[in-house]
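Okay, thanks everyone, I'll keep this short. Today I'd like to talk about salt bridges, so let's get the structure up on the screen.

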Amino acid sequence: MNPPVRVRMAPSPTGLLHIGSVRTFLFNWLFARPKGGEVLLRIENTDTSREVEEATEQIQRSLEWLGIDWDGPVRFQLDRMEDAQRLARQLVDEGKAYEDEGAIRFRMPDEGVTAWDDVVRGRVEVPNESIEDLVILRGDGRPTYNFANPIDDMLDAITHVIRGQDHISNTPKQLLILRALGAEPPVYAHVPDVLGDDGKKLSKRHGAQSVDDFRRQGYIPEALVNFLARLGWAYDDQKEVFTREELLRLFDLETVTPSPAVFDFQKLSWLNGVHLRELSPKEYADRVVEYIRDAGLDWDEELVRRAAPLVQEKIEKLDQFPGYTRFFFEEVSPAVPLDGAGPVLEQAEQILADVEPFEAEPIERELRSLAERLELKPREAFQPIRIAVTGSKVSPGLFESLELLGRDETLTRLATVRGAAA
RNA sequence: GCCCCCAUCGACUAGCGGCCCAGGUCACAGCCCUUUCAAGGCUGUAGCGCGGGUUCGAAUCCCGCUGGGGGCACCA
């Protein structure tokens, strides 16, 4: 029987949820869930201000949107304040810690090495002489991070600590504290950082940073999760696209790379397009509707739903939707000159006035035969119509667009520009 | 200064001694398809940081160097 697994996701309540943290949390989640393990959400707070409360809400919303769930109530580092104080006194009584100007310091060994077998890095050894005696309790009685953290892990019975590589140097300290407390240390796994294209840690100036930023820019959870999982991990030498279920089944913490990875927005966008195209038409429309609403656009939902299928294959991020479909919802004026297009537009107008029914297929048939009669290449004949009706050189499929726009509106737009184009 | 971590195409990675004059994906370039834009198909450019070992044989193992990154708080 496998021992029960319990991991924890431990964000700092400072601002919005950073995408790098999300990657670490995702690894925790992907590691624990398939084993039937538990996932705890613990806020690493040092105070209980209004900001902490808001950030906590925000963090939960982001995780929910991503589909990363956790067990039980959200915990807070400060909840263990009294335990920390008790344990610190215990260490003093046992001679393992001592008072120093009102604070309590943990006594680090002077010789030997402290080592552990890191799941992603292998054996890591740190000479004890390089570790200074650590303040575990401040003068005001509050525990410091490197004391509160291992105590929380111990009391929560965490079996695997999967965290960012910036914690590597904290690990020997925490390990020594845990041993002094007589606790069985958890297994540690330090996952690599996520960097921007300049080799620095990903931040706002790289374009996006928080889950909210990505959401606003039209990325969907499926793509983000897939992309993040592939940053620092690969299943084999072929597979790039993973569903959440596949990741749950195939992810392996042991094969996570130890080297840091650069966040490639272009590849994320590509993946986003892939996952967007894989959604069912219904699901796709739901996402578009939600995005449009969140973007503050007051567009008719029914029309948005009908326009959605016309661009499912064309956009890779939801924020491109308005650009392609705005003409369905708002008046447009051609942004491009239509010199010499008068005849085509006039005849198209006549034809479109009579097509029955006013649907993509018959519309296409009639317009194609018009092009033939005029001895125009398809694009020469269709492009002016597209521009006249959509206001742009780029649009969803012309015939489907006309159908959705409707006969009346189509004819009106044609008539409006015809004069100017003559 | 001290400690720790990392090192394959521009990017993400496969590779765990011979199957690799290094494979896949994004990006980029060209071609095809095509009503625009996409999507799709095909082709191409491009990489094992350097130096020593070990070995019949090294991208793969060892050492050094160089280059990145993190840490050394009564921050988390």
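One cut-off before we start: when I say buried, I mean under 20% relative accessible area, and partly exposed runs from there up to 50%. Also, keep in mind that this is a predicted model.

So, glutamate 44. With 10% relative accessibility, glutamate 44 falls under that cut-off, so I'm calling it buried. Its salt-bridge partner here is arginine 42, at 3.3 Å from N to O. And arginine 42 is buried too, with a relative accessible area of 1%. Both of them also belong to a network of salt bridges with shared partners, which takes in Arg8, Arg42, Glu44, Arg75, Arg80, Asp152, Asp153 and Asp156.

How many salt bridges does the structure hold? There are 36.

Let me pick out another one, arginine 33 with aspartate 71, where N to O is 2.9 Å. What I like here is where the two sit: arginine 33 is in the loop between helix H1 and strand E2, while aspartate 71 is in the loop between helix H2 and strand E3, so this pair ties together parts 38 residues apart in sequence. Aspartate 71 is partly exposed, at 22%.

Now for a local one. Glutamate 301 and arginine 305 form a salt bridge, with the closest N and O atoms 3.1 Å apart. They're 4 residues apart in helix H11, so about one helical turn separates them. Here both side chains' residues come out as partly exposed: glutamate 301 at 41%, arginine 305 at 24%.

That's my tour, happy to go back to any of these.

Terms used. Residues are numbered from 1 along each chain as its sequence is written. Chains are lettered from A and ligands numbered from 1 in the order in which they are written. This is a predicted model: local features need pLDDT of at least 70, side-chain atom pairs count only at pLDDT 80 or more; totals for chains, interfaces and linings use all residues. Side-chain values use heavy atoms; hydrogens and water are left out. A salt bridge is a side-chain nitrogen of Lys or Arg within 4 Å of a carboxyl oxygen of Asp or Glu. Buried means under 20% relative accessible area, exposed over 50%, partly exposed in between (1.4 Å probe, protein chains only).
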